[in-house]
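Subject: Structure handover

Hi,

Here is the structure I promised to pass on to you. Have a look at it first; my notes on what turned up follow below.

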Amino acid sequence: MRIRRVCRSAIVVWLAIAAARATAAATPTTPATPPRFAVTVSGNVHPGAITGRLLLIVAKTAKPEPRLRVSPLGPAMFGIDLHQLAPGKTAIIDNNAVGYPVQLAQLKPGDYYVQAVINVYEQVHRADGHTIWVHMNDGTIEFFNTAAGNLYSDVQRVHIGNGGTVHLSITHVIPPATPPADTKWLKHVRIQSQLLTHFWGRPVYVHATVLLPKGYDEHPNARYPSVYVLGHGGDPFEFTTDSTEARHVGEINPVSGLKSGYDMYKAWTSDGFPRVIAITLEQQTPYFPDSYSVNSANNGPYGDAIVQEVMPYLDAHFRTIGKPYARIIEGASTSGWQTLALQLKHPDFFGGAWVLQPDPIDFRHYQLVNIYKDDNAFTVPAGDFVSTERPFRRTVEGQVVWTNRQLSRFEAVLGTHGRSGYQLEAWEAVYGPVGDDGYPKPLWNKLTGKIDHSVAMYMRDHGYDLRYYAQQHWATLGPKLAGKLHFFAGDMDNFYLDLAVYDFQHFLESTTNPKSDATFTFGRPEKGHGWHAFTWAEMVRDMATYVKAHAPSGANTSAWSY
């Protein structure tokens with residue numbers, strides 16, 4: 001599975017891989033007697049005991065398969081944990097299972113299509129002394145509904161409303177995805193991290209896709225600047241040599257501001273275009289498709305692994321210059337946050353950061369929640385007797401798409417102990433402390449919205465509130481960031497991420513000793529998540545100009561534009 005760059009948001013990725021959307025089942029006007037679902041696993045697909053998360057997915061249509069439509073706007077879901085379920089034993093899903101958007105008994109009577117999926121967990125013994133059960137893989141990006149080794153049933157039509165027991169048999173195992181083949185332009189690398197392997201007590205890998213410049217083979221002595229196009233894997237800049245794979249060739253997408261990957265190929269191979277090496281990374285953790293490239297109590301030392309192991313390996317194998325002035329990072333959404341985090345945490349290692357619509361970089365605007373002062377993530381007091389739901393996602397016109405309460409319940413169904421693999425619990429795994437049980441300690445209760453301020457303060461005091469971190473360290477950090485910070489956000493970011501960017505701007509504008517020279521570009525009007533102020537080609541030209549301007553005296557920059 002390769003995920004397109006324009007959908008780099010950790011949140012949007014789920015919608016991008018779904019084959020279609022389905023309207024969530026509504027709260028009924030008449031009571032129904034729900035059936036019990038008895039689920040067994042065929043010994044042909046899993047002969048041993050299973051620990052994992054069993055999900056029953058209930059849809060109104062059979063195709064695409066319900067499991068492929070999982071999203072906060074998709075089918076209804078009901079989940080339970082499996083603890084060493086023995087072969088031949090039956091697992092029961094009934095109204096006691098946590099449901100989204102409603103409980104099983106609240107579905108309207110009628111005919112539905114159901115499918116069972118098991119997210120299979122593995123027991124790991126971490127270096128911090130905790131033994132936990134999580135879904136592990138080799139570092140490639142996978143979601144539970146398409147992840148290799150997970151199990152699922154056929155789609156079955158059922159009637160809900162008359163009670164009884166419905167039997168489902170899980171008879172399919174998801175095969176490994178076919179790895180992408182190397183081409184003249186694109187090379188694929190798998191790097192085992194010894195730091196992460198030690199932390200997790202098993203092999204852990206980071207994957208890279210490397211886009212080589214025109215003339216790379218013909219100029220064996222040339223070395224090139226590196227541009228890390230951080231995102232959820234995929235080919236840098238959606239690069240493709242096949243015009244049939246790209247949509248609207250030659251046009252600028254009015255939503256994203258980008259041209260197609262085929263347009264980028266034509267620019268990349270044109271005379272006079274800057275010659276750089278572009279690299280994307282895949283670094284799936286047990287809690288999310290991305291580690292955010294920072295050290296984490298729950299995920300392990302990903303920040304050290306990226307800077308000390310992965311990037312030096314790529315420097316050694318792909319003729320990058322390997323110097324800070326020629327090592328540029330860029331990213332949007334999830335990757336916007338990690339781009340800023342990498343530049344702040346390693347100011348002497350990177351030469352510049354292009355930060356696009358980052359996940360919250362000031363936790364006073366954890367989207368619309370101030371995690372330090374607010375007591376509840378679901379509602380905000382609006383009057384003596386009125387409270388208002390906090391939105392999580394909106395359209396660029398301002399229409400709420402789903403709320404914090406809805407997304408929290410959605411994640412509660414996907415997994416317990418922080419194992420939903422979705423956005424809220426991704427942040428908790430990256431930023432938060434380890435609980436007594438060895439799993440991420442939640443920032444708020446996913447069913448009530450009650451905020452745990454001890455978790456909020458841990459996140460702040462351990463350097464994950466990036467505005468607070470920069471403010472606390474500005475005296476030493478500021479001089480190292482001169483000319484390096486470039487921010488971009490739409491004024492109607494679909495996930496309210498522009499608010500924390502404004503906070504960061506206000507902080508940087510107040511700095512002295514030194515005064516920040518960071519630049520901020522806001523798209524107006526009605527520019528949402530995924531908006532870019534430039535095409536890929538324009539961005540690379542801008543970066544190349546920046547690198548040349550900051551190159552040391554005597555650097556051979558002619559090799560970058562033959």
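The protein chain holds twelve helices and 25 strands. Please keep in mind that this is a predicted model.

On overall form, the C-alpha atoms of the protein chain occupy a box of roughly 80 × 60 × 50 Å along the principal axes. A compact globule of 562 residues would have a radius of gyration near 24 Å, and the protein chain has 24 Å, so the two agree. Of the contacts between residues at least 6 apart in sequence, 73% link residues at least 24 apart.

Now to burial and surface. Of the 562 residues in the protein chain, 60% count as buried. The exposed area comes to about 21400 Å², with carbon and sulfur atoms supplying 51% of it. As for charge, there are 49 positive and 50 negative charges in the protein chain, and their mean positions lie 2 Å apart.

One helix I looked at in detail is α5, which covers residues 334-345. At 1.5 Å a residue, its twelve residues should span 16 Å, and the end C-alpha atoms are indeed 16 Å apart, in agreement with that figure. How enclosed is α5 by the rest of the structure? Largely, because eleven of its twelve residues are buried, which here means under 20% relative accessible area. Among the buried residues of α5 are W337, L340, L342 and L344, along with polar ones by name such as T334, S335, Q338 and Q343.

Happy browsing, and best wishes!

Notes:
Residues numbered from 1 in each chain as written. Predicted model: local features only at pLDDT ≥ 70, side-chain atom pairs only at ≥ 80, totals over all residues. Heavy atoms only, no water. Helix = DSSP H or I, 4+ residues; strand = E, 2+ residues; numbered from the N terminus. Expected span 1.5 Å × (residues − 1). Buried < 20%, exposed > 50% of the residue type's maximum accessible area, 1.4 Å probe, protein only. Rg over C-alpha atoms; globule rule 2.2 N^0.38 Å. Contact = heavy atoms within 4.5 Å. Areas by Shrake-Rupley, 256 points an atom, 1.4 Å probe, with all protein chains shown as cover. Lys, Arg positive; Asp, Glu negative; His and termini not counted. Charge placed at Lys NZ, Arg CZ, Asp CG, Glu CD.
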